[in-house]
Amino acid sequence: MGKVAVGVAVIGAAAVCAAAALIVRHRMRCSSRWARAMAIVRELEEKCGSPEAKLKQVADAMTVEMHAGLASEGGSKLKMLISHVDNLPTGDEEGVYYALDLGGTNFRVLRVELGGKTGGIVSQEFAEASIPPELMVGTSEALFDYIAAELAKFITEEEEKYHPPPGRQRELGFTFSFPVMQNSINSGTLMRWTKGFSIDDMVGNDVVAELSKAMHRQGVDVHVSALVNDTIGTLAGGRFSNKDVAIAVIMGTGTNAAYVERAQAIPKWHGPLPNSGEMVINMEWGNFKSSHLPLTEYDHALDAESLNAGEQVFEKLISGMYLGEILRRVLLRMAEEAAFFGDEVPPKLKTPFVLRTPDMSAMHHDTSADLRVVSNKLKDIFEVSNTTLKTRRAVVELCNIIATRGARLAAAGIFGVLKKMGKDTSTGAEKTVIAMDGGLYEHYTEYRKCLENTLIELLGGDGSSSIAFEHSNDGSGIGAALLAASHSQYRNESS
Ligand code: BGC
């Protein structure tokens with residue numbers, strides 16, 4: 001072989017070696033990035049762990065806080081608010097009543113026609129509008145004017161047969177799903193906002209007075225007979241259709257629970273003992289906090305950067321407003337530290353709340369072989385294309401870890417309430433039905449299944465046979481109308 005030929009061969013061999021070295025280095029970098037990404041997943045999984053023993057500690061802590069919150073005002077992070085509802089609907093309610101339902105991104109106006117003892121719900125009609133985001137952080141006047149205007153429109157458009165007889169006012173139940181210190185069944189002051197609402201001039205004011213002023217400004221003559229939380233409305237609506245309903249839980253944008261308590265077990269209640277001997281309590285459990293909660297660095301950061309830092313810690317772990325945001329935060333860390341989506345961190349991944357829980361749910365439920373839904377969501381939301389199947393699988397795994405923790409903790413909360421009520425071990429014929437509502441419960445199937453199975457796990461064989469879940473679809477609006485009926489200003493007159 002001539003010198004030239006040898007030289008060419010050597011250069012060629014060197015080039016091949018260099019290319020091979022590059023490939024090896026690239027592969028090594030990829031595999032070490034992947035290992036780093038997986039380490040983040042495993043760490044999350046470990047920190048989110050919620051074995052049965054831990055859930056029982058959470059449930060016990062919930063029970064302890066319930067006692068403390070009932071003992072004195074401010075005695076616990078759990079407000080255990082007295083709803084002033086000491087009688088739930090009986091089914092005898094009769095007449096035409098209205099409800100306004102404000103508590104999240106949507107707002108509803110309802111009219112319910114109640115047929116009395118045998119008539120049940122004769123008819124119902126509703127209109128829905130979404131709350132423009134700027135109204136969630138504006139002034140109370142702007143928010144309430146918007147609501148009153150929707151009510152005015154609804155009433156103007158309705159048939160004449162629904163017009164009240166001369167000398168009578170229309171009556172409504174106002175479902176206002178934020179923490180309110182009730183002074184009576186139809187008055188109460190807002191304690192603070194949750195779920196992304198933040199209207200400072202409203203805090204400390206009477207919610208019904210603000211609504212009444214706005215209705216006056218809009219020329220609407222309607223009397224507010226009942227002010228209720230959505231959990232109380234759901235409990236009332238649930239009881240109307242099933243007499244065994246004793247607890248209501250909302251799993252939606254926010255989360256909360258209400259239940260029927262013995263009036264004598266409420267030391268902070270100084271009013272007269274109700275004839276029923278019972279009082280419905282709005283727990284405001286979203287604000288529950290305990291050292292047993294499996295919190296991660298993502299939860300701490302989410303909380304610190306939220307509009308209500310330090311508040312609603314339980315809500316931030318389990319409710320619909322936050323699950324997608326937790327997932328976004330984990331993905332961002334994986335993108336930054338492990339180049340999970342390639343060399344560049346996708347800019348969209350840095351936008352808070354860009355990943356909504358319904359999108360997370362869609363990815364979690366993707367059953368296609370190539371995880372097409374996950375691929376499309378990553379493209380549409382974060383503008384990340386060409387993800388590998390392995391990457392998409394990891395995303396589904398993250399959805400599962402985050403949703404499972406939320407659902408299991410929600411079940412532990414319910415178990416705590418059942419314990420407080422002494423219904424965690426009941427066997428016999430006595431049934432306790434839990435009225436459930438909220439978009440998370442309704443639409444996130446894996447979450448719902450996990451929540452229900454975990455409660456069965458916690459109750460054990462015997463206990464679980466006497467507990468049942470019931471989806472109370474839109475019960476809170478109907479419940480508010482029912483409570484408006486039972487607290488009508490005309491209830492002692494013959495109609
Ligand atoms: C509110 C509760 C409400 C729950 C569900 C929470 O953020 O504080 O009052 O019941 O969301 O809507």
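**Burial.** I looked first at burial: of the 495 residues of the chain, 53% count as buried, that is, under 20% relative accessible area, with exposed meaning over 50% and partly exposed lying in between (1.4 Å probe, protein chains only). The model is predicted, so I note that local features need pLDDT of at least 70 and side-chain atom pairs count only at pLDDT 80 or more, whereas totals for chains, interfaces and linings use all residues. Residues are numbered from 1 along each chain as its sequence is written, and side-chain values use heavy atoms, without hydrogens or water.

**Overall form.** I recorded 15 helices and 13 strands in the chain; these are DSSP runs numbered from the N terminus, helices being H or I of at least four residues and strands E of at least two. The C-alpha trace spans about 120 × 50 × 40 Å along its principal axes. I then took contacts, meaning heavy atoms within 4.5 Å. Among those between residues at least 6 apart in sequence, 71% join residues at least 24 apart.

**Nonpolar cores.** I searched for sets of buried Ala, Val, Leu, Ile, Met, Phe, Trp, Tyr and Cys residues joined through side-chain atoms within 4.5 Å. The largest such core has 88 residues, of which Met251, Tyr259, Met283, Trp285 and Tyr447 touch the most other members. Helix α12 (residues 389–420) gives the most to this core, with 17 residues. A second, separate core has 38 residues, including Leu102, Ala152, Phe178 and Val180. In soluble globular proteins, nonpolar side chains tend to be buried together.

**Cysteines.** I asked how many disulfides the chain has. The count is zero, a disulfide being a pair of cysteine sulfur atoms within 2.5 Å. For Cys399, the closest cysteine sulfur is that of Cys48, at 13 Å, which is too far for a bond. Cys399 is buried, at a relative accessible area of 0%. Cys450 is likewise in no disulfide, since the nearest cysteine sulfur, again in Cys48, is 12 Å away. Cys450 counts as buried at 16% relative accessibility.

**Ser50.** Where does Ser50 lie? I found Ser50 in the loop between α1 (3–47) and α2 (52–71). Is Ser50 buried or exposed? Ser50 counts as buried, because its relative accessibility is 9%. Leaving aside neighbours within four places in sequence, I listed Leu55, Arg405 and Arg408 as the contacts of Ser50.
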